[in-house]
Amino acid sequence: MTIDALRAHRVSDAWSVFDAVQAGPDGLNAFLSTDRTAVGNATGSLAGVPVAVKDNLATLHMPTTCGSKILDGYISPFEATAVRKLREAGAAIIGKTNMDEFAMGSSNENSAYGPVRNPVDRTRVPGGSSGGSAAAVASGVVRIALGSETGGSVRQPAAFCGIVGIKPTYGRVSRYGLVAYASSLDNVGVFGATVHEAALGLQVIAGHDRFDSTSANTLVPSLVPDLGTSDRPLTGLVVGKPREYFPASLDPRVAERCERALASLVALGAEVRDVSLPSTELAIPVYYIIAPAEASSNLARYDGVRYGHRAPAADLGTLYEQTRSQGFGAEVTRRILLGTYVLSAGYYDAYYKRAQAVRSLITQEFTQVFASGVHLLFTPTAPTTAFRLGEVSDPYEMYLSDIFTVTANLAGIPAMSLPVGRIDGLPVGGQFMAAPFDEATMLRAAAALERVLGAEAHQ
Amino acid sequence: MSVTPDDVRHVARLSRLGLEEDRVPSLVAELNGILGHMDVLQQVDISAVPLTAPYHAAPLRDDALPADPLLRTRETFAPAARDGFFLVPRLTTHGALEAKVAEDA
């Protein structure tokens, strides 16, 4: 049924919704560029289906700016593997979506091209950094969009906008053509209006790619869930409830929506088991050492010589410094400085080396939980609902938006968010996490939960 | 550990970022605020964690490089090319360098 709905949503429908929601002072500002000539192929699993792509994935026919002035107007000479696969499956790539500059942010307020607004409440953020893609799906312009994740940038905006967002296992989807932020954490992810649609998008883009040395040469099973007609399709499934993701400080309304989802999983036949992942509280400090460290190296290539913006200068050193200071925004500058600091002589052992060791601890804890017979974990996606534009100004407070999502990136495991209820009209997301390469089990449980929550997930 | 204004200027130089001097104090405060939260990591016992622990979710292939699938030849992406090289804008320092080379010769 949902795939039929997907195929019924044609390019002309997308443009009519786009024209209604994008422009004007209260427009969503979800798109940075569009291709009005896109029609897609007549055949393929996504034949003629309009799809939006985050602006850090290389495309041939539209600019790839990463939400940054330093790449303003840049058009890539090649396309990302995930984009090529969508196109070959018949999809019409209708536009590139707004994002936090170089995917650095949790609210989509850090784009050089202005913030994105949440379609559910336009005074609020859509989440970041893939907020443009989330808003494109939540507003109904498209039913599938690509995003990217480094610490939760698909799942958190999916939760804030009331849609489905998937971060696959590291290596499941090629990163070729994804502009690098933190290479050991980056993933291409998928948004869908429903679990089925997100799964269909993932099915298309998953698989080995010889152009990405970290791409997994692993068989991709059928990922689109088929629940049959059973009332208890999750019989035999063990779902772990990690106590560290339900702290006493958690908003009781968020906790209640997630508890209700857990009760539904039990009604579907699953067993819910309390588990512990004690290093969870260390994840944000670890992430904000490793990610900026990798970013400080990856973003060194933006020097005004190779591509993008170039500041006029009399000598090479000044050209580098002026280009980069003019081209990068405040959050990117902060993270480059932070990353350079934690990697510099005298601080490397205290920060970077120690963070890598704690990252190994976090990964080991997940491995042990999954080895103990737990198939999936279920948690809130974010500790709050979408906050107001401009409401969070302290950088570290903003970083805490990702407190429940960064662990999956650090451990490289698949995870996803789906709507489990609303608070004062604002969506609440529930998160599944699975063992590496077990996206199929995660999607089957999510589809079953979506079926029983139904309209309840949107109340 | 505390970040000083000189530290900020130093890492900005290392990062090739030109910073206005009036931006330095706020960056000192922001970086100290963020790094203060990282101190929790100093309390963690990592003695049993091998830094070379296998990273099961990061498969690697042989480091053999396939050709980049470009649509057109590399030269067509540059504003100008000659003899297989890209032509780049002349910097003012080039003139001085050439003059010095000519003088030395």
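## A loop residue in chain B

Is B:Asp83 buried or exposed? In this predicted model, B:Asp83 is exposed, and its relative accessible area comes to 68%. The residue sits in the loop that runs between strand E1 (81-82) and strand E2 (85-86) of chain B. Its backbone deserves a look too: phi of B:Asp83 is positive, about 55°, although the residue is not a glycine.

## Backbone details in chain A

A:Phe102 also has a positive phi, near 50°, and is a residue other than glycine. You will find A:Phe102 in the loop between E3 and H4 of chain A. With a relative accessibility of 2%, A:Phe102 counts as buried.

The loop between strand E3 (92-97) and helix H4 (131-138) of chain A also holds A:Ser129. A cis peptide bond links A:Gly128 to A:Ser129, with omega at about 0°. If you plan to check the backbone torsions in the structure above, here are the places to visit: A:Phe102 for its positive phi, and the bond between A:Gly128 and A:Ser129 for its cis geometry.

## Where the two chains meet

Now to the interface. Chain A brings 60 residues to the contact and chain B brings 48 residues. Between them the two chains bury about 4,900 Å², and carbon and sulfur atoms carry 71% of that area. On the chain A side, the residues that lose the most area to chain B are A:Leu337, A:Tyr341 and A:Arg354, which together make up 14% of what that side buries.

What kinds of polar links cross the interface? The count of salt bridges between chain A and chain B is one. Its partners are the side chains of B:Glu30 and A:Arg334, at 2.8 Å from N to O. For polar contacts, eight residue pairs are found across the interface of chain A and chain B, with both residues at pLDDT 80 or more.

Several helices of chain A each supply at least two residues of the side that touches chain B: helix H8 (283-298), helix H9 (316-327), helix H10 (330-343), helix H11 (349-371), helix H12 (395-399) and helix H13 (406-411). H11(A) gives the largest share of that side, 13 residues. Sorted by type, the residues of chain A that touch chain B are 37 nonpolar, 14 polar and nine charged.

## B:Leu19 at the contact

One residue of chain B offers a closer view of this meeting place. B:Leu19 belongs to the loop between helix H1 (5-14) and helix H2 (24-38) of chain B. Leaving aside residues up to four places away in sequence, B:Leu19 touches A:Thr333 and A:Leu337 across the interface, along with B:Val8, B:Ala12 and B:Leu27 in its own chain. A:Leu337 has already appeared above, as one of the residues of chain A that lose the most area to chain B.

B:Leu19 is partly exposed, at a relative accessible area of 26%. As a ruler along chain B, the C-alpha atoms of B:Leu19 and B:Gly36 lie 23 Å apart in space, while the two residues are 17 residues apart in sequence.

## Cysteines without a partner

Over all chains, the structure holds zero disulfides. A:Cys161 is in no disulfide, and the nearest cysteine sulfur, that of A:Cys258, is 17 Å away. A:Cys258 is likewise in no disulfide, with the sulfur of A:Cys161 as its nearest, 17 Å away. A pair of cysteine sulfurs would have to lie within 2.5 Å to be counted as a disulfide.

Both cysteines are buried: A:Cys161 has a relative accessible area of 3%, and A:Cys258 has one of 0%.

Methods. Residues numbered from 1 in each chain as written. Chains lettered and ligands numbered in written order. Predicted model: local features only at pLDDT ≥ 70, side-chain atom pairs only at ≥ 80, totals over all residues. Heavy atoms only, no water. Buried < 20%, exposed > 50% of the residue type's maximum accessible area, 1.4 Å probe, protein only. Contact = heavy atoms within 4.5 Å. Buried area = accessible area lost by both parts, 1.4 Å probe. Salt bridge = Lys/Arg side-chain N within 4 Å of Asp/Glu carboxyl O. Polar contact = N/O pair within 3.5 Å; in protein donor to acceptor, adjacent residues only side chain to side chain. Helix = DSSP H or I, 4+ residues; strand = E, 2+ residues; numbered from the N terminus. Nonpolar A, V, L, I, M, F, W, Y, C, P; charged D, E, K, R; others polar.
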